[in-house]
Amino acid sequence: MRMADLATALRVRKSQVPRLRKLVAALVDEGVVVKPSRMTYAVADEPRPRRKDAAEPLAVGRIRVHPAGYGFVERDDHLDDIFIPAKYRGAALDGDRVSVYTWDGYKGTEGRVEEVLARGRAKLTGVVRRAGRSFVLDPDDPRVASSTDAHVAIEDLGPARPGDCVLAEITEYPRQRRGGMTVRVLRVLGEPGDPRTEVAKIVACADIPDEFPDDAKAQAARTPQALRKIDLADRIDLRDREFLTIDPETARDFDDAICIERNPGGGWRVWVAVADVSHYVRPDDALDREAQIRGVSVYFPDRAIPMLPPELSSGICSLNPGVDRCAMVVRIDYDDDATVRDTGFAAAVIRSRARLDYPGVGAALSGDFRGRIAAYRKWVAALRDMDALAQRLRRRRMARGALELELPEPKVILDEDDPLLVRDVARAKSVPSERRAYELVEEFMLAANEAVGEYFARRKLPTIWRVHAPPAETKLAELAAVLEGFGIYVDEEEAQSPRGLKRVIDAVRGHPAESSLMFLVLRSLTQAVYTTDNIGHFGLASDAYLHFTSPIRRYPDVIVHRLLKYHLHREGQASGGGGAFRPPPVEELEQIAAACSGYERRAMEAEREVVDMYEAYLMRDRVGETFVATIVAVTHFGVFVRLDEPFVEGLIKLENLGDDFFEHDPLHMTLTGRKTGARFRIGDAVRVELIEASVQRRQIDFRLAATTPAGPGGSRTPRRRDDRGRGRRGADSGSRRKRKAAEGRDTGRGGRGRRRSTKGRR
């Protein structure tokens with residue numbers, strides 16, 4: 001094409017033609033565009049090497065591949081992602097670390113994979129299929145299937161037969177784009193479509209160890225299941241205190257207990273006792289090595305993959321009621337205004353008085369003692385004191401700028417007898433009284449973590465911190481631009497502080513699109529990680545925060561316990577034998593912290609994928625039904641919607657939104673039809689029809705139904721906008737959606753994760 005033809009095709013104004021010339025010249029320098037003649041331009045079949053004077057350093061990062069073939073590289077230098085067109089992806093597969101040549105594209109940085117530096121996956125799951133005299137694997141992951149033309153040869157079939165779903169190890173990777181792969185079968189996982197098979201796939205592909213090695217099992221079997229006299233040495237005796245555990249109904253282990261006492265001079269004394277896992281798991285023994293490579297327990301709706309064997313996680317380490325247990329305790333003295341007056345730390349022996357759960361505590365605080373809750377009467381005075389203090393602590397925490405993002409989360413409800421039956425996917429923690437019980441425990445766990453953090457900070461001692469960096473300026477600028485389209489002003493400079501961002505959250509709360517906008521705020525934040533460099537915790541508005549209260553299911557907590565014991569011993573305090581431990585160098589602590597951050601992300605992604613799978617499994621028998629849904633996200637390829645009952649999410653692709661050409665406005669989060677004027681925006685209510693629910697792809701697809709509700713049970717005739725922006729009705733136009741408020745939620749996931757979202761992952 002000539003430049004004038006290109007400008008006409010792109011609808012470039014005359015004043016912008018010089019800029020277009022510069023962009024095309026840059027593409028010529030990159031080798032993406034060539035000049036067949038002096039006046040014409042064409043797209044290159046393959047990119048030429050750059051001119052030396054135009055070359056830039058290679059970017060390095062991890063590539064995420066879309067099933068359509070293109071990808072995005074998440075850069076190690078944390079700059080904006082690089083878009084990789086399908087034809088420039090080379091032999092890279094999803095998850096690979098790659099080096100990339102980059103150039104400025106029309107919509108951002110684009111690039112071409114120069115080299116695969118490290119493969120991101122070593123295993124695949126899929127279904128065995130006969131192909132002539134040989135066998136091939138049809139990969140479950142569409143990103144792999146699209147990368148290899150589904151040509152995955154099996155060199156060793158093992159015990160598998162055609163139709164089996166298997167786990168396979170990659171023995172030969174593709175050497176060019178859409179090149180073939182070779183695998184060998186490791187084991188048969190089960191029948192395709194069975195939820196147990198799908199969970200096994202997720203665990204296998206995430207490389208989550210789900211069986212303990214023989215030496216760890218042997219050590220666990222040798223561990224005594226009752227305290228001995230030697231275990232009581234160097235500990236304070238708190239067995240006369242009335243400690244209570246408060247956990248979800250389905251909890252399998254109890255790693256913390258709370259005791260509250262009134263101080264004679266006013267105020268409260270709170271004891272937080274935490275399971276002393278480090279008493280039984282010693283540095284570099286079999287259990288320690290296995291816990292270190294797991295990093296964290298993983299919780300699914302049907303089962304848990306614990307960090308420690310059940311002899312410890314549910315046995316001797318768990319603060320079960322009525323038995324003596326070793327614990328590390330944090331003592332916090334508060335005045336009547338909930339201000340901390342003093343703290344203390346010690347190794348102790350305790351005996352929990354009762355095992356309480358969130359629904360029971362919530363009911364007792366509300367004065368409901370019917371049925372099984374009658375047993376809670378004995379503890380109601382202590383529970384009310386805990387609740388009163390926790391609410392004061394919560395108000396103080398909110399006042400200093402701690403962030404509270406209320407995002408509804410799905411909870412998978414399985415049949416107790418039939419693992420193949422998913423009864424429902426409901427909104428988690430929807431009962432206000434249960435939420436209050438959850439908040440009660442949360443406040444004391446946060447207080448204990450912060451008290452231990454301040455112990456290390458005051459003494460300038462090395463440890464593993466839980467840090468949360470402030471949001472990047474670019475992320476805040478993007479958030480401010482989007483929220484402005486919804487009538488919410490963001491002072492970007494002010495929002496770099498916890499109090500400033502909290503004001504943004506307060507402005508979002510109550511908005512018709514609250515749930516979706518809260519998610520956008522969450523996306524603007526960085527991810528909390530473990531590190532030895534204490535930069536504070538932005539989300540909690542805390543200068544010194546670490547994880548101490550869950551050593552049964554988090555390895556960094558075990559390390560913090562060992563370090564605290566060591567320093568208590570040096571100070572002459574009860575340390576449970578802390579003098580036998582020698583702190584590792586800071587460099588080793590940092591390696592452990594970085595590894596545990598990765599294991600935590602691995603667990604979160606697997607838990608999320610399992611929930612997505614169960615959602616699809618629940619919906620697969622409801623194809624053809626219509627539902628009222630709320631738009632929760634708008635993208636260039638369609639809109640994501642959420643149903644209220646069941647509480648699941650799905651996608652309406654562009655082609656399923658209607659016969660129109662839709663323009664995406666990322667600033668205002670809308671899709672608008674050119675012909676009909678139909679507009680889709682987050683928070684809008686729509687009526688949708690379920691057209692597919694794929695268990696293997698963990699995806700639910702809807703299409704827009706013929707009518708759209710104005711509210712529950714209502715509908716509106718379509719509506720079109722005139723040039724002045726006002727609406728007028730039209731029989732052939734799109735529909736007007738009334739926005740609908742979504743209820744708040746916490747950011748945890750599944751079962752035990754209700755509590756883990758704050759106690760575990762803050």
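This report describes the overall make-up of the chain and then a few of its local features, all read from a predicted model.

## Overall make-up

The protein chain contains 16 helices and 34 strands, and of its 762 residues 53% count as buried. Among contacts between residues at least 6 apart in sequence, 66% join residues at least 24 apart. Charged side chains also meet within the structure, which holds 64 salt bridges.

## Salt bridges

Three of these salt bridges are set out below, each with the distance between the N and O atoms of the pair.

| Pair | N to O distance |
|---|---|
| Asp138 and Arg129 | 2.9 Å |
| Asp385 and Arg262 | 3.7 Å |
| Arg459 and Glu571 | 2.9 Å |

In the pair of Asp138 and Arg129, the relative accessibility of Asp138 is 26%, so that Asp138 counts as partly exposed, and Arg129 likewise counts as partly exposed, at 36% relative accessibility.

The salt bridge between Asp385 and Arg262 links distant parts of the chain, with Asp385 in helix α9 (residues 380-399) and Arg262 in strand β15 (residues 256-262), 123 residues apart. Asp385 counts as partly exposed because its relative accessibility is 23%, a value that does not fall under the 20% limit for a buried residue.

The salt bridge between Arg459 and Glu571 also links distant parts of the chain, 112 residues apart: Arg459 belongs to helix α10 (residues 432-459), whereas Glu571 sits in the loop between α14 (555-570) and α15 (586-619). Arg459 is partly exposed at 34% relative accessibility, and Glu571 is partly exposed with a relative accessible area of 39%. Elsewhere, salt bridges that share partners join Arg394, Arg397, Glu404, Arg435, Glu439, Glu442 and Glu443 into one network.

## A buried arginine without a salt bridge

Which contacts does the side chain of Arg325 make with backbone oxygens? Arg325 lies in strand β19 (residues 324-334), and it is buried yet has no salt bridge, the nearest side chain of opposite charge being that of Asp324, 7.5 Å away. Because a salt bridge requires the nitrogen and the carboxyl oxygen to be within 4 Å, that separation of 7.5 Å leaves Asp324 outside the limit. The side chain of Arg325 instead reaches the backbone oxygen of Ser318 at 2.8 Å, and one of its polar atoms lies 3.0 Å from the backbone oxygen of Ile316.

When residues up to four places away in sequence are not counted, Arg325 touches Gln225, Leu227, Gly315, Ile316, Ser318, Leu319, Asn320, Ala348, Val349 and Ile350. Ile316 and Ser318, whose backbone oxygens were named above, are thus among the residues that Arg325 touches.

## The hairpin of β15 and β16

Strand β15, which carries Arg262 of the salt bridge with Asp385, is mostly covered, with five of its seven residues buried. It pairs with strand β16 (residues 268-275) in the antiparallel sense over seven bridges, and within this pairing Glu261 stands opposite Arg269 in β16. The two strands β15 and β16 form a hairpin with five residues between them, and Gly266 in the turn has a positive phi of about 110 degrees.

## A sheet of three strands

An open sheet is formed by three strands in the order β28-β29-β30, with antiparallel pairing. Its edge strands are β28 (662-665) and β30 (679-681), each of which pairs on one side only. On average, and with direction ignored, neighbouring strands of this sheet are turned by 15 degrees against each other. Strand β29 (residues 670-673) pairs with β30 in the antiparallel sense over three bridges, and Thr670 has Arg681 in β30 as its bridge partner.

## A mostly covered helix

Helix α13 (residues 514-524) is mostly covered, since eight of its 11 residues are buried under the 20% limit. The buried residues are Glu514, Ser515, Ser516, Leu517, Met518, Leu520, Val521 and Ser524. They pack against two helices, α11 (473-484) and α12 (498-508), and against two strands, β25 (626-635) and β26 (638-643).

Terms used. Residues numbered from 1 in each chain as written. Predicted model: local features only at pLDDT ≥ 70, side-chain atom pairs only at ≥ 80, totals over all residues. Heavy atoms only, no water. Helix = DSSP H or I, 4+ residues; strand = E, 2+ residues; numbered from the N terminus. Buried < 20%, exposed > 50% of the residue type's maximum accessible area, 1.4 Å probe, protein only. Lys, Arg positive; Asp, Glu negative; His and termini not counted. Polar contact = N/O pair within 3.5 Å; in protein donor to acceptor, adjacent residues only side chain to side chain. Contact = heavy atoms within 4.5 Å. Pairing = 2+ DSSP bridges. Axes fitted to C-alpha atoms, helices over the stretch in contact; angles between N-to-C directions.
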